[in-house]
Structure formats: C-alpha cells, structure tokens
Amino acid sequence: MGKINFRWAITHALDEELARDDKVFMIGQDIGKSGGVFGLTRGLHEKYGSWRVKDSPISEEGITGLGVGAAMIGYRPIVEIMYMDFITLAIEGIANQAAKTYYVTNGNIKVPMVVRTLAGGGFRAGIHHSQSLESWFTHVPGLKVVYPSTPYDVKGLLKSSIRDDNPVVFIEHKALFSIKGEVPDEEYTVPLGKADIKREGSDLTIITYGKPVYQSLEAAEKLEKEGIDVEVVDLRTLVPLDKEAVLESVQKTNRAMVVYEAPKESGFGAEVSSMISEELIYDLDAPIKRVAGAFTPIPLGVNEDAHFPTVDRIVHEAKEMCR
C-alpha cells in the first residue's frame, strides 16, 4: 500500500489491464509516443507497441467507430476522447451503435468498449475544455457511466470497466490528477454500481461525485463546527445508480442535497432529486437542494470561479436546510 496520484492510478490500471489481456488495446490522439495530453499513457507505447497503444488522427467519430467494430469481434478497446467537450463528434458511435448493438442482436453481439474522457473545470480553460457532460450519457439505455473521485476508486473502477461486457463512458476530472491517496500494491477492482460513504453523518446527506466530493467534505468539516453533522455519499458510478445507498442515507438524515459541477438545469442531480422525491417524499424534513454549475457557457479566466459550486455555497445552503 502506498500513496500515488490520481493520474498514476489511471496509468497503473491501464498498464495492468494491457498486461492481463492481449485483447485490450488503446486508441486516441497523442496517447502513443508523447504519452497523452496529461501524461496518462506515458511509457505504455514503449512497453506494448503501436498496435496496442495507437495514436490516431484527429477524428473522434472515426476512432469511436473503430472501437465499436473491434469490440464487436472480440477485442476490448479503450477509446480516449481527449476532452469531453469533443465527445459531441463521437456521440453517434456511442449512443446509437455501442449502446444498442447488444439489444438489436438479441444479446448475440456485445460491445465491451471503454470511452475514457477528461472533463471538468479548474484550469480556467473556458467553453471548449471544461464541460462536464455526464447527463448526456446517463440518459442513454445501454451505457454505463462512471465518474470516480479518488486514486483508489479510479484504478479499481477503470479495471472493472475494461472487464465489463457493456460500453462504459469513463469520466476523469482533470482537476483531480494531482490528488494523492492510498492504493494497494496487490490486484483489486471496485465494482460498478456501488456508491461509497466518504463521511458519515446524521443531519444532512450530500450526494455527489467527481471533484465536488472534496468540496462537500470540506463543507462538512465547516458545518460540523456549527453543529450540523453531514454525511457525504460519493456515487462513483452514475449508471447503474446505487439507489439503495442513497435512500438508506437520506432515510437516516431526512435531508438531501445533490452537488455536481454540470449546469443545474437537467443535470444528473435532477435525476437523483426525483428518485429521492418518488421514494421518500414523506420522510424529508426540508426540500431537496441542488448546488451545481450555472446555466451558462463556462467563462474563460477568473470568471470560471463564479460558475462552479463552492464550499461556501454548500455551507450556506446546508445551513438554510437545517435551520
């Protein structure tokens, strides 16, 4: 057991799965000799060669289609879309081909493909390099959607995603790459569809995922000093959603807040809020709150700071809910 960065946990997971199964291969822009835009595939091209760690032309649609075809004949492709903002160009292959093939062939053809993509703000990079578009894919039957927050989880969940027989959209928040955490030396996986209680509490449940997990935990520490005991549930996998873990927590605290980075309107937090309302409306002591991104294109530079959820906003809304 040792502490490693979130980014190295990704690299280690890819390395171990490439070594474990010769049907696993990667394709994406600049993932070969250059080691990827954030160095996430560094050393893998030298170790496994250009047939298994393959640089591609700038064509998200092309590499996604290649991945779907390869998966249909027995390979386990890992397609990297450099930034999630670019995934618009690949949606046909993901949503209309990968997600539906198993069903239209009556289960005779599977598409075990992972689409890895980098999302989220924190770099003040503006409109085309900062979005978090998970709700576009949680709406598509046939896809699994994973959004981890810790080095331990990202490694274990990525290995599980590569071994899964369904297409998986695997989202990595760029601002977490330097986060360090304990990761076992020995082999392990984290099952898809299982949330994790990152902090136990009794007055309010915060349901979150990705980078806002850390803001929620910091807010919980501040709220504890004011007598409000917060439980933080990290969903880790959005589809399938661990409804049991969410409902069990909210039944204990009787208050629920959903914190996420994408725009509040029609974001995944709306789905979580609706699910809680349908199941537990009479158990709630306060209306459900969503703390999320603004419904505007993400601004460049320092103005980004006003766009995304903050610790202070979470604290303010929590105090309003617990008055």
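These legends go with four close-up views of a predicted model.

**View 1. Strand β4 and the strands it pairs with.**
Here we're looking at strand β4, which covers residues 76-83. Eight of its eight residues are buried, so the strand is largely enclosed by the rest of the structure. One of its partners is strand β2 (residues 24-28), and the two pair in the parallel sense over five bridges. To find your way along that pairing, look for I27, whose bridge partner in β4 is V79. Strand β5 (residues 114-119) also runs parallel to β4, joined to it by five bridges. A handy marker for that pairing is Y83, which has L118 in β5 as its bridge partner.

**View 2. T237 and its surroundings in strand β12.**
This one zooms in on T237, which sits in strand β12, a run covering residues 237-239. Buried means under 20% relative accessible area, and T237 comes in at 0%, so it counts as buried. Its side chain has a polar atom 3.1 Å from the backbone nitrogen of G193. G193 also turns up among the contacts of T237, once neighbours within four places in sequence are left aside. The rest of that list is V145, V146, L157, L192 and K194.

**View 3. The largest pocket and its lining.**
About 280 Å³ of space lies in this pocket. There are 18 residues in the lining, and the ones nearest the centre are Q131, S132, L133, W136 and P263. Two elements, α6 (134-138) and β13 (256-263), each supply at least two lining residues. β13 gives the largest share, with three residues. Sort the lining by class and you get nine nonpolar, seven polar and two charged residues.

**View 4. The largest cavity and the residues around it.**
Now for the enclosed space: the structure holds one cavity of 30 Å³ or more. The volume of the largest cavity is about 30 Å³. Around it you'll find S132, Y147, H173, Y209, G210, K211, P212 and E261. By class, that makes three nonpolar, three polar and two charged lining residues. If S132 rings a bell, that's because this residue lines the cavity and is also named among the residues nearest the centre of the largest pocket in View 3.

How values were computed: Residues numbered from 1 in each chain as written. Predicted model: local features only at pLDDT ≥ 70, side-chain atom pairs only at ≥ 80, totals over all residues. Heavy atoms only, no water. 1 Å grid on protein atoms, 1.4 Å probe; cavity = no way out; pocket = protein on both sides within 12 Å on 5 of 7 lines; lining within 4 Å. Points joined across faces, edges and corners; volume = space filled by probe spheres on them. Nonpolar A, V, L, I, M, F, W, Y, C, P; charged D, E, K, R; others polar. Helix = DSSP H or I, 4+ residues; strand = E, 2+ residues; numbered from the N terminus. Buried < 20%, exposed > 50% of the residue type's maximum accessible area, 1.4 Å probe, protein only. Polar contact = N/O pair within 3.5 Å; in protein donor to acceptor, adjacent residues only side chain to side chain. Contact = heavy atoms within 4.5 Å. Pairing = 2+ DSSP bridges.
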